[in-house]
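Here is a set of short exercises, each with a worked solution. Keep the sequence and the 3D view open beside you as you go.

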Protein chains: 2
Amino acid sequence: MQRTNYSEMACSIARTLDVIGEPWSPLILRDVSAGFTRFEQIQADLGISRKVLTERLNHLVDHGILERRPYDRRPRHEYVLTAKGTELITLLMVMVAWGDKWLAGEAGPPVLYRHHACHEISHVEPHCSHCGEPMRPQDVDVLPGPGSAVPPGLGTAVPAR
Amino acid sequence: MQRTNYSEMACSIARTLDVIGEPWSPLILRDVSAGFTRFEQIQADLGISRKVLTERLNHLVDHGILERRPYDRRPRHEYVLTAKGTELITLLMVMVAWGDKWLAGEAGPPVLYRHHACHEISHVEPHCSHCGEPMRPQDVDVLPGPGSAVPPGLGTAVPAR
DNA sequence: CGGCAGGGTTCCTTCAGGGAACTCTGGGTG
DNA sequence: CACCCAGAGTTCCCTGAAGGAACCCTGCCG
């Protein structure tokens, strides 16, 4: 695809996409977090080409999202989420919440989450890490941060995120 | 790319990826939400090919994420987020939180969010829509839902999400 | 009426994804 | 010991999507 690589952009969205933005990567993470941890399992479940699966798994291991772990004396491994990878699953849960709301249609959500704390079926909602109140896009001001590419004193609104 | 289209999967992650999973789409949404609402602005900011930008914008309009709105009697439009699209920005905010934590490095986050409710610089955190407590991946059980592809009575854990 | 700017379209080239066949490793079976 | 097998890749060819540059179309403006 000769795809542009986003990693040079001063933008956390672009950087995150560099890690999991390639086709299939989020679905691979979904499978691993659902307990499909081996090459053959993931390949059969997704119907992805073996070549691409190899590439994606290596990429995710290189970026510290997955860990390759042998489970036999033969060259057999399974892939497990690291702490960094587990936190990415949150992103998938947000995608689920949005997809359930806007795309599920008549049939309803394909899966449900039951929250351990309250034992209720629910979904994730973004809250403020400081005060705990809801924090939607319209609830925030966006300001340039220390890692912004804009030299201090120049510019106002920045597209970087 | 002859990319497999995910929309047939009974999975809200796959369906969401069908809408914004293509390369550049999240960055286009970022730009629109940051106030870069016109073709030329987005094209200049991202350095994306005009052809691909046209395709992506049409796709996002078709899926009800963006609305094309004329701003002149000449054929000039700008793109604005719909309600459906605005809720997707939440996804970007979660990507920012993850990218800031794991990828920003020495320089620190490129942008900061100030929450209107508490006026503090903070970031989003997933909470339970029911009880309001934190809801991380390890805080939930995943159960098949009504839209699951698995017929009732069969199967246990489902990879669908 | 010629220029111009926004917003696309067209065309060509290159490289990534799909898919199938092949390989490599080391245990199990007769 | 020879053969088979399963998991996990690797190789190869084909197609189609991304990059990039050039071209086009519309309607205001001097």
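**Exercise 1: Two residues with positive phi**

*Locate H119(A) and say where it falls between the strands of chain A.*

Solution. Start with the location: H119(A) sits in the loop that links strand 3 and strand 4 of chain A. Helices (H or I, at least four residues) and strands (E, at least two) are DSSP runs, numbered from the N terminus. Next, look at the backbone: phi of H119(A) is near 60 degrees, a positive value in a residue that is not glycine. For context, most residues other than glycine have a negative phi. Finally, H119(A) is exposed, with 11 other C-beta atoms within 10 Å. A residue is called buried if 20 or more other C-beta atoms lie within 10 Å of its own, exposed if 12 or fewer, and partly exposed in between, with C-beta atoms placed from the backbone.

*Now turn to W24(B): is it buried or exposed?*

Solution. W24(B) lies in the loop between helix 1 and helix 2 of chain B. Its phi is also positive, about 85 degrees, although W24(B) is not a glycine. Counting neighbours settles the question: W24(B) has 22 other C-beta atoms within 10 Å, so it is buried.

A note on conventions before you continue. This is a predicted model, in which local features need pLDDT of at least 70 and side-chain atom pairs count only at pLDDT 80 or more, while totals for chains, interfaces and linings use all residues. Residues are numbered from 1 along each chain as its sequence is written, and chains are lettered from A and ligands numbered from 1 in the order in which they are written.

**Exercise 2: The layout of chain A**

*Work out how many helices and strands chain A has, and in what pattern they come.*

Solution. Count the elements to find five helices and six strands in chain A. Reading along the sequence then gives α-α-α-α-β-β-α-β-β-β-β. Of the 161 residues of chain A, 43% count as buried.

Zoom in on helix 2 (residues 25–33) of chain A: nine of its nine residues are buried. Among them are L27(A), I28(A) and L29(A), as well as R30(A) and D31(A). After helix 2 of chain A comes G35(A), with a positive phi near 100 degrees.

To finish, compare with the record: an unreviewed UniProt entry lists residues 11–107 of chain A as "domain: HTH hxlR-type". UniProt positions are given in the numbering used here, feature names are shortened, and annotations may be inferred rather than shown by experiment. Over residues 11–107, chain A is 62% helix and 10% strand, with its end C-alpha atoms 37 Å apart.

**Exercise 3: How the copies are related**

*What rotation and shift superpose chain B on chain A?*

Solution. The rotation is 180 degrees, with 0.0 Å of shift along its axis and an RMSD of 0.0 Å. That is the relation of a two-fold axis. In chain B, the C-alpha nearest the axis belongs to P126(B), 2.4 Å from it. Superposition is by least squares on the C-alpha atoms of residues with pLDDT of at least 70 in both copies.

*Describe the contact between chain A and chain B.*

Solution. Each chain's share comes first: 80 residues from chain B and 80 residues from chain A. Two residues are in contact if their C-beta atoms, placed from the backbone, lie within 7 Å. On the side of chain B that touches chain A, the largest share, 17 residues, comes from helix 5 of chain B. Because 100% of the interface residues of chain B are also interface residues in chain A, the copies meet through the same surface.

**Exercise 4: A sheet across the chains**

*Which strands make up the open sheet of three strands, and in what order?*

Solution. The order is 4(A)-3(A)-6(B), with antiparallel pairing. Strand 4 (121–122) of chain A and strand 6 of chain B stand at the edges, each with a single partner strand, so one side of each is left without a neighbour in the sheet. Strands pair if DSSP finds at least two bridges between them. Within chain A, strand 3 (residues 111–115) and strand 4 pair over two bridges, and R114(A) stands opposite I121(A).
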